[in-house]
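Please open the model in your viewer and keep the sequence panel beside it, since each stop on this tour begins with something to select.

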Amino acid sequence: MRITRRDFLRWGGALAGTLSAPGPAFGKGGRLRVPVLLYHDISDDFRDDYTVSPARFAAQMEWLYGNGYRAVPLRELARLPGNAKAVVITFDDGYASFLEYAWPLFREYGFHSTINVIGSSVGSYLDVGGNRPMLSWDEYRYLLRTGAVDLGCHTYGLHAYTHRGVIGVPGKRLEEDLEKFRELLRRETGGSTEILAWPYGLYEAKHVEIARRAGFRYLLTSGEGDFTGPGDLSAIPRKNVNDGYDIHSFKAGVES
């Protein structure tokens, strides 16, 4: 089921409208502050930290759009002006629900987004509390052609290595995994990426240098917080958004 603007207005628009008062948001003292939002799956079938319902996700995007926020690419982070009213929207893992629920809204609102892909899971299923279908390479190629979606690396096959991110992963193993992802991405899309999202946001200091040497510039963590300019692009914090965020707490999280 797709969530259209009309659906949103029917389900939750009245509530969002009551929260549209302008807030100070960004640029306090001229210092850049940008929330980098972290989503995973969009579904009514799961209730966990990795899922947001379609209706709640639509309400959040409607609130951003209605309050004048732009969703920008990660590559713009370092050059946004201090008074920018911007967010970065990221999705980890690469669930198929992106095309059904997020993409129609992003296309309507002109929002940019980044999907961090688990290389070994493309076109299959990921078992996280149940089987969740994943986007295919054909779908990624379509999204890349729009210019409104970037792909990042979520490792090729280390996502479930120990369920502790890449903590404990030998450096050589990480190098080989990142190179395998790059080769796959190049073969399937003809492109590359400078974006890496650590699985579960867990890594060791030595892994940062390995990632840099492999050509990754924007390293996404799961540390709660906003990106504050000029900031450290090798440790970009994010706000994990799930169904625990109603429109009130979402607004507070973006504007705080």
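The tour goes from the whole chain to a bent helix, then to a pair of packed helices and the loops around them.

**The whole chain**

Keep in mind throughout that this is a predicted model. With the full chain displayed as a cartoon, you are looking at eight helices and 14 strands. If you colour the chain by burial, buried residues make up 54% of its 256 residues. Among the contacts with a separation of 6 or more, 67% are between residues 24 or more positions apart, and several of the stops below show pairs that are distant in sequence.

**Helix H4 and its kink**

Select residues 97–109, which form helix H4. How far apart are the end C-alpha atoms of H4? They are 18 Å apart, and this agrees with the expected span of 18 Å, because a helix of 13 residues is reckoned at 1.5 Å a residue. Now look along the helix to Trp-103, where there is a kink of about 40°, shortly before the proline Pro-104.

Next, show the side chains of H4 and ask how many of its 13 residues are buried. Ten of them are, so that the helix is mostly covered. The buried residues include Trp-103 and Pro-104 at the kink, as well as the aromatic side chains of Phe-98, Tyr-101, Phe-106 and Tyr-109. One step beyond the helix, select Gly-110, which has a positive phi of about 75°.

**Helices H6 and H7**

Select residues 171–189 for helix H6 and residues 205–213 for helix H7. Two packed helices are described by the angle between their axes and by the distance between those axes. For H6 and H7 the angle is about 35° and the axes are 10 Å apart, while the crossing is right-handed. To see the contact itself, display Gly-171, Leu-174, Glu-175 and Leu-178 on the H6 side, together with His-207, Ile-210, Ala-211 and Arg-213 on the H7 side. Sorted by class, the residues in this contact are four nonpolar, two polar and two charged.

**Asp-177 and the loop it touches**

Stay in H6 and select Asp-177, which belongs to this helix. Is Asp-177 buried or exposed? Its relative accessible area is 7%, and because the cut-off for a buried residue is under 20%, Asp-177 counts as buried. Leaving aside neighbours within four places in sequence, Asp-177 is in contact with Thr-155, Tyr-156, Gly-157 and Leu-158.

Now move to Thr-155, which sits in the loop between strand E10 and H6. The C-alpha atoms of Thr-155 and Asp-177 are separated by 6.5 Å, although the two residues are 22 residues apart along the chain. Thr-155 is buried too, with a relative accessibility of 0%. Its phi is near 75°, a positive value in a residue that is not glycine. Most residues other than glycine have a negative phi.

**Past the end of H6**

Select Thr-193, in the loop between H6 and strand E11. Thr-193 is buried, at 6% relative accessibility. Which residues does Thr-193 contact, once its neighbours within four places in sequence are left aside? They are Leu-151, Gly-152, Cys-153, Phe-181, Arg-182, Leu-185, Gly-215 and Phe-216. Draw a distance from Thr-193 to Gly-152, and the C-alpha atoms prove to be separated by 5.9 Å, with their positions 41 residues apart along the chain.

Farther along, select Tyr-200, in the loop between E11 and H7. Tyr-200 also has a positive phi, of about 60°, although it is not a glycine. With a relative accessible area of 31%, Tyr-200 is partly exposed.

**Two last loops**

Select Gly-147, in the loop between helix H5 and E10, where a relative accessible area of 47% makes the residue partly exposed. Gly-147 and Ser-113 are 34 residues apart in sequence, and their C-alpha atoms are 9.9 Å apart.

Finish at Lys-85, in the loop between strand E5 and strand E6, which is partly exposed at 31% relative accessibility. From Lys-85 to Arg-33 the distance is 8.9 Å, C-alpha to C-alpha, for a pair that is 52 residues apart in sequence.

How values were computed:
Residues are numbered from 1 along each chain as its sequence is written. This is a predicted model: local features need pLDDT of at least 70, side-chain atom pairs count only at pLDDT 80 or more; totals for chains, interfaces and linings use all residues. Side-chain values use heavy atoms; hydrogens and water are left out. Axes are lines fitted to C-alpha atoms, for helices over the stretch in contact, and angles run from 0 to 180 degrees between N-to-C directions. Helices (H or I, at least four residues) and strands (E, at least two) are DSSP runs, numbered from the N terminus. A crossing is left-handed if the near helix is turned anticlockwise from the far one by less than a right angle, and right-handed if clockwise. Contact means heavy atoms within 4.5 Å. Ala, Val, Leu, Ile, Met, Phe, Trp, Tyr, Cys and Pro count as nonpolar, Asp, Glu, Lys and Arg as charged, and the others, Gly among them, as polar. The expected span of a helix is 1.5 Å times one less than its number of residues. The bend at a residue is the angle between axes fitted to the seven residues ending there and the seven starting there. Buried means under 20% relative accessible area, exposed over 50%, partly exposed in between (1.4 Å probe, protein chains only).
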